[in-house]
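This briefing introduces a structure to a reader who has not met it before. Please look over the sequence and the model before reading on.

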Amino acid sequence: MAKKVLMKGNEAIAEAAISVGCIHFFGYPITPQTEVAEYLAKRLPKVGGLCLQAESEVAAINMTLGAAAAGTRVMTSSSSPGISLKSEGISYIAGSDLPCLIVNVQRGGPGLGGIQPSQADYYQATRGVGHGDLRLIVLAPSSVQEMASLTAQALDLADIYRMPAMLLADGALGQMMEPVDFSAFPKRDVPEKTWATVGHNNARPHNIVNSLYIDPQVLEDSVKARYQRYAEVEKNEVQYEEFMTDDADIVLVAFGITARICKSAVTAARAAGIKAGLLRPITLWPFPKDAISAAADHAKALMSVEMSMGQMVDDVRLAVNGKKPVYFYGRTGGMIPSVEEVTKEICSLANAL
Amino acid sequence: MKTVFDRPHALCDVPLHYCPGCTHGIVHRLVAEVIDELGVEGKTIGIAPVGCSVFAYNYFNCDMIEAAHGRAPAVATGVKRTHPDNVVFTYQGDGDLAAIGTAETVHVAARGENITIIFINNAIYGMTGGQMAPTTLPGQVTTTSPYGRDRKIQGNPIRVCEMLSTLDGTALAARVSVDTPKAVINAKKMIKKAFQNQLDGKGFSIVEVLSTCPTNWGMSPTDALQWLRDNMIPYYPLGTYKDIDAQEA
């Protein structure tokens, strides 16, 4: 049996990154993700790596860009307000076709907000994480084990598609402790980084890592080429989990920590005779729209449950495309919905159908 | 036939976009000559800024990265820390280095990052068409200080080398000019030292080059050089503000 280690979600991210060869980290302290940097500050010097505390989130993401441009497997980590500061650099990383991992252990917002868990950066992660036409691969763990396994996956995906990937977690997942198995991350082949700026060694023309294209036709062509890669990601990399959806009249859609609450609520609703189910997107981009559309074919209604005022529900509605009614239930500001609350919502929806 | 003058190998054989009389061309050449003479082109990574020298990535023959405005020192840190055996330099203007990138500049020096910065100070924003820079002189007219820079309204210019020389991580902070052949020779000497320091692992080196902007200053190239001598050098005195070699000696 594989050996399991009891650790915090934030620590699991850090250890998983090391286990797949990401031994360079640039960051800035912010609650509730600081343990990522603290863990790496202890571990990385012992494995020949580097954990550098930058003067700002802005500097940290640009150090990440520099390391990525030089072909290094690299990550940075922050929480919501810090991700806003990183957004400039994320846009440049996307525009320069550089792979890296960005971790967002979300807290409540807007502004300084709070330090309790939240999922209110869904729009930011999947829509507006920087200026211009760009996408991030966004992975949403819902356990400490997944904090680790999706960190490992995100680093591979970033390298394979030469684009930034984000692990979109939350303060609850970051702080809670669960057993983790680091022994079995599936390893994928990643392409050689022939484009990296590591010195041409007088053996090839100079490499240029750049996001500037003054000629609009050239810029359009470069964006379109990138979107062809994005189309490949959408075709190949969608991940989701279904729980009792086969015969479900009411299908909940929830990700991250909220999905775990919803799973308990579905079980409670089933015990009360209501055919409820759960579809949990693991990739928020690419979004499992086909799976949700298929669920809408047999369900009577869907309900998006989030720790926000309702953000992913827009994507659920787009996927359902009017076939069935889509409802929303959420708490925000750091409030976590209870199993009882969600069960009650399912029951009242069942009564109304 | 003996070749007595040629393009340095580290300078690409492409048309430069700089305005007539602008001193960027001279400084590009000096940096390229130094890279050639030290034989480091194959292991050098240059970081281009946002500003007039934004296209520097097309001009230097080494591997190049285009950074966001002001972030070149952070990008350089990411490269150097993961590839300490490479030579890493940034080439930045005054808006990039001393306004939007002030934090990155100060902290790259404070950390003593073993990199080289070439800093072009021409007291104006060139690329965007002549706006006030952090180094615009008191009284100097720009499009955003049309009545002359008023210290009470627009504050005071920043003397970058003096400021960075107070930091323990700085190995070399020198201000040079390229307004005369003699000054050009001295500028090259300092640029070479700034690169040699990096090869010797001495830490952070910056060479500030006082430069002209005839287009946005609204002067002929020769008048611009005279204006630099009459106005910029008195406010930004040439010299070496910190040199750990001199301190040790």
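What radius of gyration would a compact globule have with 353 residues, and what does chain A have? A compact globule with 353 residues would have a radius of gyration near 20 Å, and chain A agrees with this, having 20 Å. The model is predicted. The points below take chain A first, then its two domains and two sheets, and finally chain B and the contact between the chains.

**Chain A as a whole**

- The secondary structure of chain A consists of twelve helices and 15 strands.
- The C-alpha trace of chain A spans about 75 × 50 × 45 Å along its principal axes.
- Of the 353 residues in chain A, 56% are buried.
- Among the contacts in chain A with a separation of 6 or more, 79% join residues 24 or more positions apart.

**The two domains of chain A**

- Chain A is divided into domain 1, residues 4-236, and domain 2, residues 241-352.
- The centres of domain 1 and domain 2 of chain A, taken over C-alpha atoms, are separated by 28 Å.
- Domain 1 of chain A gives 27 residues to the contact between them, and domain 2 of chain A gives 22 residues.
- On the side of domain 1 of chain A that touches domain 2 of chain A, the elements giving two or more residues are α5 (122-126), β6 (137-139), β7 (164-170), α7 (171-175) and α8 (216-236) of chain A.
- Helix α5(A) contributes the largest share of that side, with four residues.
- By class, this side of domain 1 of chain A has 16 nonpolar, seven polar and four charged residues.

**The seven-stranded sheet of chain A**

- An open sheet of seven strands in chain A follows the order β3-β2-β4-β5-β7-β6-β13, and its pairing is mixed.
- Its edge strands are β3 and β13 (283-285) of chain A, each of which pairs on one side only.
- From one strand to the next, the twist averages 20°.
- Within this order, β4 (residues 74-78) and β5 (residues 100-106) of chain A run parallel and are joined by four bridges.
- A:Val103 in β5(A) is the residue that A:Ser77 stands opposite.

**The five-stranded sheet of chain A and its helices**

- A further open sheet in chain A has five strands in the order β10-β12-β11-β14-β15, again with mixed pairing.
- Strands β10 (240-243) and β15 (326-330) of chain A stand at the edges with a single partner strand each, so one side of each has no neighbour in the sheet.
- Neighbouring strands of this sheet are turned against each other by 20° on average, direction ignored.
- Five bridges pair β14 (residues 301-306) of chain A with β15(A) in the parallel sense.
- A:Ser304 stands opposite A:Phe328, which belongs to β15(A).
- Helix α11 (residues 312-320) of chain A lies across β11 (250-253), β14 and β15 of chain A, and runs at about 160° to β14(A).
- Helix α12 (residues 339-352) of chain A lies across β11, β12 (276-281), β14 and β15 of chain A, and also runs at about 160° to β14(A).

**Chain B as a whole**

- Chain B contains eleven helices and seven strands.
- The radius of gyration of chain B is 17 Å, close to the 18 Å given by the globule rule for 249 residues, so chain B is as compact as a globular protein of that length.
- Along its principal axes, the C-alpha trace of chain B spans about 50 × 50 × 35 Å.
- Of the 249 residues of chain B, 56% are buried.
- Residues 24 or more positions apart make up 67% of the contacts in chain B that have a separation of 6 or more.

**Where chain A meets chain B**

- The contact between the chains takes 33 residues from chain A and 28 residues from chain B.
- At least two residues of the side of chain A that touches chain B come from each of β2 (24-27), β3 (50-53), α3 (57-69), α4 (80-95) and β9 (208-209) of chain A.
- Helix α3(A) supplies the largest share of this side, nine residues.
- By class, the side of chain A that touches chain B has 15 nonpolar, 16 polar and two charged residues.
- Strand β9(A) pairs in the parallel sense with β2 (residues 63-66) of chain B over two bridges.
- The bridge partner of A:Val209 in β2(B) is B:Ile65.

Note on methods: Residues numbered from 1 in each chain as written. Chains lettered and ligands numbered in written order. Predicted model: local features only at pLDDT ≥ 70, side-chain atom pairs only at ≥ 80, totals over all residues. Domains from an automatic or database assignment. Contact = placed C-beta atoms within 7 Å. Nonpolar A, V, L, I, M, F, W, Y, C, P; charged D, E, K, R; others polar. Pairing = 2+ DSSP bridges. Rg over C-alpha atoms; globule rule 2.2 N^0.38 Å. Buried ≥ 20, exposed ≤ 12 C-beta atoms within 10 Å, placed from the backbone. Axes fitted to C-alpha atoms, helices over the stretch in contact; angles between N-to-C directions.
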